[in-house]
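Got the model open in your viewer? Let's walk through it stop by stop, starting with the charges and the whole protein, then moving on to single residues.

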Amino acid sequence: MERVLLKPYVSHIHSFLSPQQYGFRKHHSTTDQLINFTNDILRSLSDNKCVTVLYFDVSQAFDRTPPEILLNLLSKIGISDYFFSFFKNFLNNRTFQVKVMDKLSTIKESNCGVPQGSVFGPQLFITYFAMLSHTLTNSGLPIQHYLYADDLKISYVHDPDDDCQPLQNAVNIVHQWAQDNGLSLAPHKTKVVYFGSNNPKYPIYLSNGIIEETDQIRDLGVTISSDMDFTPQIENVVSRANRKMFSILRFLVTKNPTVLTKAFTVFVRPLLEYATSVYNPKLKRLVNLFEKPQRTFSKIVAKRSKHVSLSYLERCKLLHLNTLEHRRTACDIVYAFKALNNLCAATPELIRFQSSKSRKGGHFVVPKHSKFSKLTFANRVSSVLNKCPFSLDSFKNPTDLSKNLNTIDFSKIIPVVVT
């Protein structure tokens, strides 16, 4: 029943949802939000601005959503009587039990929250949380905010001699909204990150206490540092991948390279490739560090199958693997294709094509070169696309493009580090 009603509901609330919400929406992802967020920071730092970012922790947001406030909101946005009646029954008169071993607790009534694990639960929550997003947008404050389900961060771009009163006002708005709408913030889990070496680091207050400063924070699975150095993120990912890789080689007792390679691509490689379009490194040291798990894996598997004198690239060919550097470059190109064709939630200015009368019809604009702008997605991928022997317009969808990229030798386009 829920799945039948989901599509018309999502279609109805689409215009009400905030563009800053990236969770549980088609063509929206954690990578989209992180790319938009990090690019905004890098561009601001390139202009010698400071950026102060607050990461909020909303306590048990899904479990504390008041049904009466949510139903009132659904009525205001013009939901049909049939849908309203369905949601009223869906949210009210719910009960729960707790099971420990083979013992069940007595039945208790659940009078708040949206049902987790349901089809409609996430959609109802982001509808409810859109009220906060609209409140921040309509405040007129010079801030940006980003949402992923109940994860909220607010950024404020300012000059070194500016105070942070607009950001403090935003904190007060969020705090008051949470109190008025049945939610609460966890001050001890709310953090502030100051970007920019000349950031004055003005204190920000929540519930009469100073919000704790941190130099690194885990943001949607990616470690963000105040100096925008992603080395800690790469080191963490490589460490996790190595542990998983050695576990597979220890417990999967076989010499069959096909079986071992399948296990690696299913359980290890996704760890190394999550959201790499956000921070794909170009420094030789980091590129080789990123490649280490697959390099070690291929060496052990080749040794098990009596291929002991092969180079890394030869081992990759034997196991039908592309280097991770190759795959990250391909991933960047595919993401650029999605951004240009509105297949993701990237901001319109993420990458820009300038038409001309040249053979390729124009070129991708490479942003001005500086310490921070060179780290942006646009800088990295535009340089690659301008050297590619094909035009993105010649592909119908990301799948066709991905298949083509698997056969391309990127060493003829960019200086490949891995050998």
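Start by colouring the charged side chains: there are 51 positive and 33 negative charges in the protein, and their mean positions sit 12 Å apart. For this count, Lys and Arg are positive and Asp and Glu negative, while His and the chain ends are left out. Each charge is placed at NZ of Lys, CZ of Arg, CG of Asp or CD of Glu.

A quick word on what you're looking at: this is a predicted model, in which local features need pLDDT of at least 70 and side-chain atom pairs count only at pLDDT 80 or more, while totals for chains, interfaces and linings use all residues. Residues are numbered from 1 along each chain as its sequence is written, and side-chain values use heavy atoms, with hydrogens and water left out.

**The whole protein**

Switch to a cartoon view and you'll have 16 helices and 15 strands to look at. Both are DSSP runs numbered from the N terminus: helices are H or I with at least four residues, strands are E with at least two. The C-alpha atoms fill a box of roughly 70 × 60 × 45 Å along the principal axes.

Now turn on the surface. The protein exposes about 21,300 Å², and carbon and sulfur atoms supply 52% of it; these areas come from the Shrake-Rupley method with a 1.4 Å probe, and for residues only the protein chains shown count as cover. Of the 419 residues, 49% are buried. Here buried means under 20% relative accessible area, exposed means over 50%, and partly exposed is in between (1.4 Å probe, protein chains only).

How about contacts, meaning heavy atoms within 4.5 Å? Among those with a separation of 6 or more, 68% join residues 24 or more positions apart.

**The two domains**

Select 20-58 plus 142-225 and give that one colour: this is domain 1. Then select 230-406 for domain 2. The bounds come from an automatic or database domain assignment. The C-alpha centres of the two domains lie 29 Å apart, and the contact takes 24 residues from domain 1 and 26 residues from domain 2.

Together the domains bury about 2,100 Å², 58% of it on carbon and sulfur atoms. That buried area is the accessible area (1.4 Å probe) that two parts lose on being put together, summed over both. Which three residues should you show as sticks on the domain 1 side? Pick Ile 35, Leu 42 and Arg 43, which supply 25% of the area that domain 1 buries against domain 2, more than any other three residues.

**Two residues with positive phi**

Next, zoom to His 27, in the loop between helix H1 (2-13) and helix H2 (30-46). Its phi is near 60°, a positive value in a residue other than glycine. His 27 counts as partly exposed because its relative accessibility is 39%.

Then jump to Asn 93, in the loop between helix H5 (81-91) and strand S2 (94-96). Asn 93 isn't a glycine either, yet it has a positive phi of about 55°. With a relative accessible area of 72%, Asn 93 is exposed.

**Around Phe 96**

Select Thr 106, in the loop between strand S4 (103-104) and strand S5 (108-110). Leaving out residues up to four places away in sequence, Thr 106 touches Phe 96 and Gln 97. Draw a C-alpha distance from Thr 106 to Phe 96, 10 residues apart along the chain, and you should get 8.6 Å. Thr 106 is exposed, at 54% relative accessibility.

Glu 109 is in strand S5. With the same sequence neighbours left out (up to four places away), Glu 109 touches Arg 94, Thr 95 and Phe 96. Is Glu 109 buried or exposed? Exposed, because its relative accessible area is 58%.

**Last stop: Cys 164**

Finish at Cys 164, in the loop between strand S7 (151-158) and helix H7 (165-180). At 5% relative accessibility, Cys 164 is buried. Show its contacts beyond four places in sequence and you'll find Thr 52, Tyr 156, His 158, Tyr 202 and Ile 204.

Methods
Contact means heavy atoms within 4.5 Å.
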